[in-house]
Amino acid sequence: MRYLLMIYDCDRPEPDDPGFAGALARVAAFADELRRRNALVSGDPVADERSATTVAVRDGRTLITDGPFAETHEHLGGYYVLDCRDLDEALELAALCPMAETGTIEVRPLVRVPGVDHRPAGHATSPAG
């Protein structure tokens, strides 16, 4: 089962910050643990909310707005997509994530929609997914 781990409100030092090397090492160790367990599907940090562009279509018109959909006190710092045995393993791995020490990790199961091919581009051979 796949799970989305969304990382909120974590401290993310910039490359010129004194704590950057240590933070990078902890994140790399976490990613190595995910790989060791064959759980890592993907994961990336995301740019801050000021870089967001929101798209909505209403009555056939595309509406584009600079900034996030809603004002919030939380900010999304990054994500991981994991392939886990069950929710317990996803929660265990979320607790190992170094960003959980300063922020929060929201864990949600990813849902497969019947008839939709969920494979990445270049891997699709049939619409069965």
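**Exercise 1. Check the span of helix α1 against the expected value.**

Solution. Start with the count: α1 has 17 residues. Allow 1.5 Å a residue, taken times one less than the number of residues. The expected span is therefore 24 Å. Now take the end C-alpha atoms: they are 24 Å apart, which agrees. Helices here are DSSP runs (H or I, at least four residues), and strands are runs of E, at least two, numbered from the N terminus.

The model is predicted: local features need pLDDT of at least 70, side-chain atom pairs count only at pLDDT 80 or more, and totals for chains, interfaces and linings use all residues. Residues are numbered from 1 along each chain as its sequence is written, and side-chain values use heavy atoms, without hydrogens and water.

**Exercise 2. Find which residues of α1 are buried, and where they lie on the helix.**

Solution. Fix the terms: buried means under 20% relative accessible area, exposed over 50%, partly exposed in between (1.4 Å probe, protein chains only). The buried residues of α1 are Phe30, Ala31 and Leu34. Look down the axis: these residues fall within an arc of 100 degrees, so they line one face of the helix. The arc uses the directions from the helix axis to the C-beta atoms. Recall that an α-helix has 3.6 residues a turn, so residues three or four places apart point the same way. Turn to the other side of α1: Ala21 and Arg36 are exposed there.

**Exercise 3. Classify the aromatic pair.**

Solution. The structure holds one such pair. The rings of Phe30 and Tyr80 have centres 5.2 Å apart and planes at 80 degrees, so the pair is edge-to-face. The cut-offs: centres within 6.5 Å make a pair of Phe, Tyr or Trp rings (for Trp, the six-membered ring); planes under 30 degrees apart are stacked, over 60 edge-to-face, the rest tilted. Next, place the partners. Phe30 sits in helix α1 (residues 20-36) and Tyr80 in strand β5 (residues 76-83), 50 residues apart. Finally, check the cover. Phe30 has 4% relative accessibility and is buried. Tyr80, at 8%, is buried too.

**Exercise 4. Describe Val111 and Arg112 in the segment after β6.**

Solution. Begin with Val111, which follows β6 (104-109). Val111 is exposed, with a relative accessible area of 65%. Arg112 is partly exposed at 46% relative accessibility. Now compare sequence and space. Arg112 and Arg2 are 110 residues apart in sequence, but 9.3 Å apart in space, C-alpha to C-alpha.
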